[in-house]
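Here are a few exercises to work through with the sequence and the model side by side. Try each task before you read its solution.

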Amino acid sequence: MTVSYNQSVATSRPWTFLALIFRWRGSVWKAIWIQYSVWLGLYFLVSAIYRFILQDYQRQIFVQLVDYTGARLSYVPLDWMLGFFIAGVLRRFWYLYDIIGFIDNIACSTATYIRGDSDRAKQYRRNIIRYCELTQVLIFRDLSMKARKRFPTLDTVAAAGFMMPHEKANFDQIQYNYNKYFLPFNWAWALVYNARKEGLIEGDYYVTVISEDIKKFRTGLAWVCNYDWVPLPIIYPTIVCLAVHMYFFVCVMARQYVKGSENDPNMIDLVFPFMTSIQFVFYMGWLKVGEGLLNPWGEDDDDFETNMLIDRNLAMGLKIVDEGYDKTPRLEKDAFWDDTWVPLYSEASAHEKRYHQRQGSLAHIKLSRSVSQVRMVPRDGRRASVVKERIVNVKPEETNESRGNGIGDVFRPSSLLNLMKHAASSHSLERQQSPGSFRMDTLSPTSPTTDAKEYESDKRD
């Protein structure tokens with residue numbers, strides 16, 4: 001069963017993940033306790049032999065073995081191996097969840113486009129849903145151990161109501177060496193075609209919509225089968241698992257406390273391998289994550305709930321096409337019809353701190369109060385005689401009352417300099433100059449008159 005913990009981590013606190021550490025279901029402790037117990041038993045067995053059984057010359061040989069193995073533990077690149085392995089397995093896991101199959105789209109399109117209140121129309125809608133779900137049951141019982149225990153034979157599938165007796169007989173008539181997952185989908189598409197012939201579907205476009213939804217559902221289940229048929233190469237998980245277990249098997253010797261060690265002469269006799277135990281939890285737990293995600297169709301705590309999905313899809317699909325069909329509420333003016341709409345909150349949440357509206361990082365920047373007009377001029381001075389200048393009045397709400405936080409304050413030195421240049425060089429702009437105006441041509445590297453003179457000289461040449 002998938003372990004849900006989202007509510008426990010909904011709000012970030014310093015102790016949020018501490019609560020997860022002490023859970024048992026789906027925890028790292030449940031995953032590694034057997035391996036850790038075996039490893040700890042081997043460690044204390046070797047430690048007892050060194051402390052109480054070996055002679056002095058034997059202890060010298062033992063110290064050499066500890067130094068030799070401890071100096072070469074870095075030969076095993078566990079970080080890289082586990083990192084690449086978990087990344088690849090995690091991608092497969094989430095892709096399988098994306099295509100596992102939810103029947104809602106098929107049910108909604110079927111209920112919308114197959115019209116009619118007669119029993120005939122209702123049978124069309126219900127059987128299309130049931131046939132699609134029947135295929136999912138057939139596939140899940142070949143992939144998931146939970147579904148296989150629920151439906152050990154095809155007769156149990158029929159006994160559960162997913163197949164009628166005459167449909168089971170039809171299904172058994174086709175005998176060949178491969179699976180028959182396609183057959184219920186053929187029945188569903190045939191029902192869509194017959195519904196169109198009987199006039200229950202108003203147009204060919206609606207037939208295409210329903211067929212496409214069925215096709216997407218079928219394609220997803222086909223990829224689920226493909227990922228089961230072609231898993232990761234067996235050498236990949238094998239070598240990672242072997243590397244982790246061999247690493248800690250060597251640690252049984254390499255992490256022992258010994259006297260006279262050349263690698264660590266200041267070694268402290270803690271008796272209990274504290275630091276190695278922490279390393280064991282991290283690396284072995286990391287490996288268990290990969291083992292759990294490698295095949296999510298088993299009976300681990302975090303494997304897919306296939307039986308729940310089967311029950312949910314059938315119940316949801318039949319409710320949509322049956323009780324949800326043609327139950328649209330009548331049209332009335334909604335509660336937000338007036339322009340004087342005020343958002344309402346529960347009394348408990350109304351006193352919480354207000355949320356911040358999302359806007360651009362410079363949305364609060366406004367013009368200085370000293371700017372009353374914005375003069376729009378062409379950037380290219382050669383077109384000054386063709387394009388007319390325009391003056392835009394600045395509204396009071398578009399200015400900033402506080403100083404040092406406005407556009408006019410930011411660009412004031414360059415704007416004054418360019419205004420002086422234009423006033424001295426452009427006679428037309430000089431006549432239209434008004435006090436307190438803000439020019440939008442401050443980015444122009446040269447004055448219009450200089451460009452105009454260059455343009456006239458180029459024409460004479």
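**Exercise 1: a tilted pair within a helix**

W189 is partly exposed, because its relative accessible area is 27%. Keep in mind that this model is predicted.

Task: find where F185 and W189 lie along the chain, and describe how their rings are arranged.

Solution. Start with the helix: both residues belong to α10 (residues 182-197), and because they are four residues apart, about one helical turn separates F185 from W189. Next, take the rings, whose centres are 6.1 Å apart with 40° between the planes. An angle from 30 to 60 degrees counts as tilted, so F185 and W189 form a tilted aromatic pair. Finally, compare accessibility with the 20% cut-off for burial: F185 has 3% and is therefore buried, whereas W189, with 27%, is partly exposed.

**Exercise 2: a pair across the chain**

Task: the structure holds 29 aromatic pairs; look at the one formed by Y97 and F304, and work out which parts of the chain the pair links.

Solution. First the geometry: Y97 and F304 are 6.2 Å apart, centre to centre, and a 45° angle between the planes makes the pair tilted. Then locate the partners: Y97 is in helix α4 and F304 in the loop between α13 and α14, so far along the chain that 207 residues separate them. Last, check burial: Y97 is partly exposed because its relative accessibility is 38%, while F304, at 6%, is buried.

**Exercise 3: the largest pocket**

Task: describe the lining of the largest pocket, and decide which helix gives the most to it.

Solution. Begin with the volume, about 1,600 Å³. The lining comprises 42 residues, and V3, Y5, G26, S27 and D302 lie nearest the centre. Sorted by class, the lining has 22 nonpolar, eight polar and 12 charged residues. Helices that supply at least two of the lining residues include α1 (16-21), α4 (78-98) and α14 (306-321). The answer is α13, which gives the most, with nine residues.

**Exercise 4: charges over rings**

Task: which rings lie under R59 and R125?

Solution. For R59, the charged end sits over the ring of Y50, 5.6 Å from the ring centre. For R125, the ring is that of Y325, with R125 over its face at 3.8 Å from the centre.

**Exercise 5: cysteines**

Task: how many disulfides does the model contain?

Solution. Apply the cut-off of 2.5 Å between cysteine sulfur atoms; the count comes to zero. As for burial, C132 is buried because its relative accessibility is 0%, and C225, at 3%, is buried too.

Terms used
Residues are numbered from 1 along each chain as its sequence is written. This is a predicted model: local features need pLDDT of at least 70, side-chain atom pairs count only at pLDDT 80 or more; totals for chains, interfaces and linings use all residues. Side-chain values use heavy atoms; hydrogens and water are left out. Buried means under 20% relative accessible area, exposed over 50%, partly exposed in between (1.4 Å probe, protein chains only). On a 1 Å grid over the protein atoms alone, a cavity is a set of points where a 1.4 Å probe fits but cannot get out, and a pocket is an open set with protein on both sides within 12 Å along at least five of seven lines; lining residues have an atom within 4 Å of a point. Grid points are joined across faces, edges and corners, and a volume is the space filled by probe spheres set on the points. Ala, Val, Leu, Ile, Met, Phe, Trp, Tyr, Cys and Pro count as nonpolar, Asp, Glu, Lys and Arg as charged, and the others, Gly among them, as polar. Rings of Phe, Tyr and Trp (its six-membered ring) pair if their centres lie within 6.5 Å; planes under 30 degrees apart count as stacked, over 60 as edge-to-face and the rest as tilted. A charge sits over a ring if NZ of Lys or CZ of Arg is within 6 Å of the ring centre and within 35 degrees of the ring normal.
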